[in-house]
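Colleague: I would like a close look at a single part of this chain. Please take one helix and go through its surroundings.

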Amino acid sequence: MADLSTDVRYVKGVGEQRAKALARLGIHTLRDLISYFPRAYEDRRTFKRVIDLQPGENACVRAMVAADPTLSRIRKGLELVKLRAVDETGALDITFFNQTYRKNDLRRGETYIFFGRAEGSLLRKTMANPVVEREGGGTFTGRIVPIYPLTAGVSQTILMRSVAQGLAACRDQLEDPLPEEVRLSHGLCHVGYAYEQIHFPAGEEELAVARRRLVFEELFLLAIGLKKLRRRRDELSCAPWADTDLVDFYAALPFDLTGAQRRAIGEITADLRSGRPMNRLVQGDVGSGKTMVAAAALVCAAWNGFQGALMAPTEILAEQHYQGLAPLLERLGITCGLLTGAMRAKERREVLARLADGELDVVIGTHALISADVSYARLGLVVTDEQHRFGVAQRSALSAKGERPHLLVMSATPIPRTLALIIYGDLDVSVIDELPPGRQKIETFLISPDKRQRAFGYVQKHLDQGRQGYLICPLIEEDDSGLQSVTQYGKLVKEAFPTATVGVLHGKMKPAEKEQVMEAFSRGEVQLLVSTTVVEVGVDVPNAVIMVIEDADRYGLSQLHQLRGRIGRGQYKSTCIL
């Protein structure tokens, strides 16, 4: 019996070469192998007669090879093996591409199970590259078969066989992480049974039982891990900050904060006075005013003699934060600096020196804030904007620049509170659930591509009123998906809006080019911005009120929400068309 930490190459049937391919899927040990769960399943339990095959459907057929397979070389790199298989109802013509071994592997007069996509017509049934198994094999046909995510050099067959060998090697080694009383009280199956059935289910019911058990286990262990994190955090202590009177901060603002913003600031100041490091998530829709809440926290830090660092995911967003916050903070006697990767060496050295000697109270920047050469005189508060863009390691790297600094993370991605407690279980959660006066809800519509011209007409109306808009598409370059690239789409947009100035933006452009396009859009010189998700964060143009997102089904909900957040940033009514 093998230990679960055994290198996967020592599992029977895997070996050195296959182990290298599996490593590309993140499979290094026996535990990794058996924990590499299928992404889907294919039900191959039903057998069809040849006459009953419907073009376009996947099906299993039991048929006899009627004549010796023939091999033909069409051109270099393309070899075909053809054969005819028959049952009592008809004939099935089968073609294998570049599987030369099939010529000698499949013998006339023997019966096999073929599984594949049926094609052809009612009179002539065909199948290309089917899965083949001898009658009675039962490994790849006649059962529910797992479908795994793959990589080059690893086929479904290889992965299935490797997982089967892995399960056989460790069947008695699987220790149950769930306490027996927890398992029994929730009616959950044994861990060994769960692993067997998640990979090779006997039926739908067995698969459901296994999945329920493994989902429960995952959430159970996550909950315990988060509880340990929270307990460890509760054991930490730091010097409590003084109760900061923010009257001057509120007076310096050109507008009144909403009740939700004031509530979040109250929760933050209570954390700062508590004598333990703050770990708080501020969640609020785009435009709800999270930045002003962060500003209040940075003011508290400075007035308590500490430095504050605000980390943004893009240079554009870091600069916008700096331009928005620096004048406000400096009116309150708080010095503010900007640190990004694109700065000139001389400017960077100056900022680093001012940070290290404590001359700067607040620094705003990108990942540059966690570079090895950045040191802080007395870092007391770390703020990260667009939380979903930063991993725990990046937050920790910035926190490590000080002695137990307070941590404030901000996110515009809407997360139900209960889910937020699971995902960010080590964080306290503040929700800003009000929009400032004058901000309007963004209307969102889903339409089919055949209504694109009507949508473009609606965009033109807004351009005629002097407004601006975004047109988003998913691809930088063409691929085999049939979708348009951003450059192709840009041409289409220029033709559709001949009188408008159109800018194109994507991730493969040089930073200076991107900056140029964004600045032109910000100044209103570009009316329509055709872009990929590079605008997902960090663009604030109050005059942009309309957005069209092409192939919206290609994005996650979080991305769609972030993209939509680029509009609705001013007093005008905004519309997003998916």
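Which residue just after H12 takes a positive phi, and of about what value? Please also describe the helix itself.

Modeller: The residue is Gly358, which has a positive phi of about 85° just after H12. Keep in mind that the model is predicted.

H12 itself runs over residues 345-356, 12 residues in total. From its first C-alpha to its last the helix reaches 16 Å, close to the 16 Å expected at 1.5 Å a residue. Four of its residues, Arg348, Val351, Leu352 and Leu355, are buried. These four lie on the same side of H12, because they cover an arc of only 100° around the axis. The spacing follows a general rule: an α-helix has 3.6 residues a turn, so residues three or four places apart point the same way. On the other side of H12, Lys346 and Arg349 are exposed.

The buried residues of H12 pack against three strands: E12 (307-311), E13 (336-339) and E14 (362-365).

As for the setting, H12 belongs to a chain with 18 helices and 23 strands. Of the 578 residues of that chain, 47% count as buried. Among contacts between residues at least 6 apart in sequence, 71% join residues at least 24 apart. The C-alpha atoms fill a box of roughly 90 × 65 × 45 Å along the principal axes. Over the whole chain there are 74 positive and 71 negative side chains, and the centres of the two sets lie 4 Å apart.

Key
Residues are numbered from 1 along each chain as its sequence is written. This is a predicted model: local features need pLDDT of at least 70, side-chain atom pairs count only at pLDDT 80 or more; totals for chains, interfaces and linings use all residues. Side-chain values use heavy atoms; hydrogens and water are left out. Helices (H or I, at least four residues) and strands (E, at least two) are DSSP runs, numbered from the N terminus. Buried means under 20% relative accessible area, exposed over 50%, partly exposed in between (1.4 Å probe, protein chains only). Contact means heavy atoms within 4.5 Å. Lys and Arg count as positive and Asp and Glu as negative; His and the chain ends are not counted. The place of a charge is taken as NZ of Lys, CZ of Arg, CG of Asp or CD of Glu. The expected span of a helix is 1.5 Å times one less than its number of residues. The arc is that of the directions from the helix axis to the C-beta atoms.
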